Structure formats: structure tokens, C-alpha cells
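Biologist: I am new to this one. Could you take me through it, one question at a time?

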Amino acid sequence: MLQILLAESTLIRMWEITDQQLKDHSEWLKSKGQSGVRLDKTGRDLSNSAHPGAKMDQGKFIGARFNNANLEGASFAEADFSGARLEGANLKGVNFRGADLG
């Protein structure tokens with residue numbers, strides 16, 4: 001069943017990466033896991049999403065699909081992309097330093 005939120009007259013799919021999730025993840029990174037929430041999109045379909053320049057270092061994207069997503073300039077240092085799909089994604093300038101791309 002598709003769950004939908006209405007936020008500021010915009011439909012947002014529950015599995016998309018929201019600004020609030022990025023803020024919570026940033027706090028998690030800064031606090032070294034003491035506060036905030038680690039970004040975990042394991043198994044989610046993030047195809048056609050747009051997150052240019054987003055900092056998602058150490059996030060969990062196991063089995064996630066980023067097909068045709070715009071990730072230009074995003075940072076995924078030390079993130080877990082095990083089994084993730086990135087067909088057609090814009091990866092220009094993306095930082096995958098230390099990421100698990102297996």
C-alpha cells in the first residue's frame with residue numbers, strides 16, 4: 001500500500017529522503033552517533049529522486065534503487081551500497097570514498 005504525506009501542498013513518498021532526514025543524519029554524523037538519526041534507506045526505491053550536493057556519508061543504502069536519480073556532487077563516503085542499483089543515475093562529482101559498492 002502506498003503511503004503518502006501531504007506537506008506544504010507537495011506529495012512526498014514515505015521512502016524519499018526528506019530535508020528533515022538529511023538534518024537528522026547530519027546531526028548523527030557531527031555527534032558521532034550520540035544524537036540524530038543515521039540515514040537508512042535499505043531496500044527503498046529512490047529512483048528518479050534528486051539529491052544534488054547532499055551529504056549522506058555513512059548512510060545505509062543496502063539494496064536501494066537510485067535508477068535515474070540526480071546525485072550530482074553528493075557525498076556517500078563510507079556509505080553501504082551493498083546490492084544497490086544506480087542505473088542511469090547522475091553521478092557526476094559524487095564522493096564514494098570508502099563506500100561499500102559491492
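Biologist: Is alanine 79 buried or exposed?

Modeller: This is a predicted model, so every value here is computed from it. Buried means under 20% relative accessible area. Alanine 79 falls under that cut-off, with a value of 2%. The residue is therefore buried.

Biologist: Where in the chain is alanine 79 found, and which residues does it touch?

Modeller: Alanine 79 is found in the segment after H1. Leaving out residues up to four places away in sequence, its contacts are Met56, Gln58, Gly59, Phe61, Ala99 and Asp100.

Biologist: How many Å apart in space are alanine 79 and aspartate 57?

Modeller: In sequence, 22 residues separate the two. In space, C-alpha to C-alpha, alanine 79 and aspartate 57 are 5.5 Å apart.

Biologist: Is aspartate 57 buried or exposed, and which residue forms a salt bridge with it?

Modeller: Aspartate 57 has 11% relative accessibility, so it counts as buried. Its partner counts as exposed, at 52%. The closest N and O atoms of the pair are 3.8 Å apart, and the partner is lysine 55.

Biologist: How many salt bridges are there?

Modeller: A salt bridge needs a side-chain nitrogen of Lys or Arg within 4 Å of a carboxyl oxygen of Asp or Glu. The pair of lysine 55 and aspartate 57 is one that qualifies. By this rule the count is four.

Biologist: Which residue forms a salt bridge with lysine 60?

Modeller: The closest N and O atoms of this bridge are 3.9 Å apart. It links distant parts of the chain, 20 residues apart, with both ends in the segment after H1. Lysine 60 is partly exposed at 26%, and its partner is partly exposed at 39%. That partner is aspartate 40.

Biologist: What is the N to O distance between glutamate 87 and arginine 85?

Modeller: Glutamate 87 is partly exposed, at 38% relative accessibility. Arginine 85 is partly exposed too, at 44%. Their side chains meet in a salt bridge, N to O, at 2.7 Å.

Biologist: Which side chain does serine 47 join in a polar contact?

Modeller: Serine 47 lies in the segment after H1. At 11% relative accessibility, it counts as buried. The polar contact spans 2.6 Å, and the other side chain is that of aspartate 45.

Biologist: Now the rings. How many aromatic pairs does a search of the whole structure find?

Modeller: Ring centres must lie within 6.5 Å to pair. Searching the whole structure gives eight.

Biologist: What kind of pair do phenylalanine 61 and phenylalanine 81 form?

Modeller: Their centres are 5.0 Å apart, with 25° between the planes. The pair links distant parts of the chain, 20 residues apart. Planes under 30 degrees apart count as stacked, so 25° settles the matter. The pair is stacked.

Biologist: Why is the pair of phenylalanine 66 and phenylalanine 81 called tilted?

Modeller: Phenylalanine 66 is buried, at 0% relative accessible area, and phenylalanine 81 counts as buried at 2%. Their ring centres are 5.8 Å apart. Stacked needs under 30 degrees and edge-to-face over 60; the rest count as tilted. The planes here stand at 45°, so the pair is tilted.

Biologist: Which residues do ring pairs link into a cluster?

Modeller: Phenylalanine 61 is buried, at 0%. It belongs to the cluster that ring pairs build. The linked residues are Phe61, Phe66, Phe76, Phe81 and Phe96.

Biologist: Which members of the largest nonpolar core touch the most other members?

Modeller: That core has 18 residues. Isoleucine 17 has contacts that include Leu22, Leu39, Met56 and Phe61, not counting residues up to four places away. The members touching the most others are Ile17, Met56, Phe61, Phe66, Leu71, Phe76 and Phe81.

Biologist: In what order do the elements run from the N terminus on?

Modeller: The chain has one helix and two strands. From the N terminus on, the order is β-β-α.

Biologist: What share of the chain do buried residues make up?

Modeller: The chain has 102 residues. Its accessible surface comes to about 6200 Å², with 48% belonging to carbon and sulfur atoms. Buried residues make up 30%.

Note on methods. Residues numbered from 1 in each chain as written. Predicted model: local features only at pLDDT ≥ 70, side-chain atom pairs only at ≥ 80, totals over all residues. Heavy atoms only, no water. Phe/Tyr/Trp six-rings, centres within 6.5 Å; stacked < 30°, edge-to-face > 60°. Helix = DSSP H or I, 4+ residues; strand = E, 2+ residues; numbered from the N terminus. Buried < 20%, exposed > 50% of the residue type's maximum accessible area, 1.4 Å probe, protein only. Polar contact = N/O pair within 3.5 Å; in protein donor to acceptor, adjacent residues only side chain to side chain. Areas by Shrake-Rupley, 256 points an atom, 1.4 Å probe, with all protein chains shown as cover. Core = buried A, V, L, I, M, F, W, Y, C linked by side-chain atoms within 4.5 Å. Contact = heavy atoms within 4.5 Å.
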